[in-house]
Amino acid sequence: MWKEENNKLNRNFEFADFSEAFAFMTRVALAAEKMDHHPLWTNVYNKVEIWLTTHDAGNIVTAKDQLLATKIDAIFINK
């Protein structure tokens, strides 16, 4: 589940292996680019951590972040 702290939405994802994690990141990148909204994230082997905040709004969580989080959840569920 997404957690909101320090003016950011944060969630960790775990996959079977690096290829699955990277495929997920690719799908998220395409969705984020369409929204002109770019997450901060890390990837180590099969783990991906994502932080969402809206830079144009002063680095706070906005509806844009909530929408991207919902899209990311859908991508994760449909992997």
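Student: Which residue in S4 does Asn12 stand opposite?

Tutor: Glu49 is the residue in S4 that faces Asn12. We are looking at a predicted model, where local features need pLDDT of at least 70, side-chain atom pairs count only at pLDDT 80 or more, and totals for chains, interfaces and linings use all residues. Numbering starts from 1 along each chain as its sequence is written, and side-chain values use heavy atoms, with hydrogens and water left out.

Student: Why are S2 and S4 (residues 47-52) said to pair?

Tutor: Pairing takes at least two DSSP bridges between two strands. S2 and S4 run antiparallel and are joined by six bridges, so they qualify as a pair.

Student: What makes S1 (residues 3-5) and S2 (residues 8-14) a pair?

Tutor: Three bridges in the antiparallel sense link S1 and S2, so they meet the rule too. Glu4 has Leu9 of S2 as its bridge partner. Two residues lie between the strands of this hairpin, where Asn6 takes a positive phi near 55°.

Student: How many helices and strands are there in the protein chain?

Tutor: Two helices and four strands (DSSP runs of H or I with at least four residues, and of E with at least two, numbered from the N terminus) make up the count. Along the sequence, the pattern reads β-β-α-β-β-α.

Student: Why is the protein chain called as compact as a globular protein of that length?

Tutor: Its radius of gyration (over C-alpha atoms) is set against a globule rule of 2.2 Å times the number of residues to the power 0.38. The value is 12 Å, close to the 12 Å that the rule gives for 79 residues, so the description holds.
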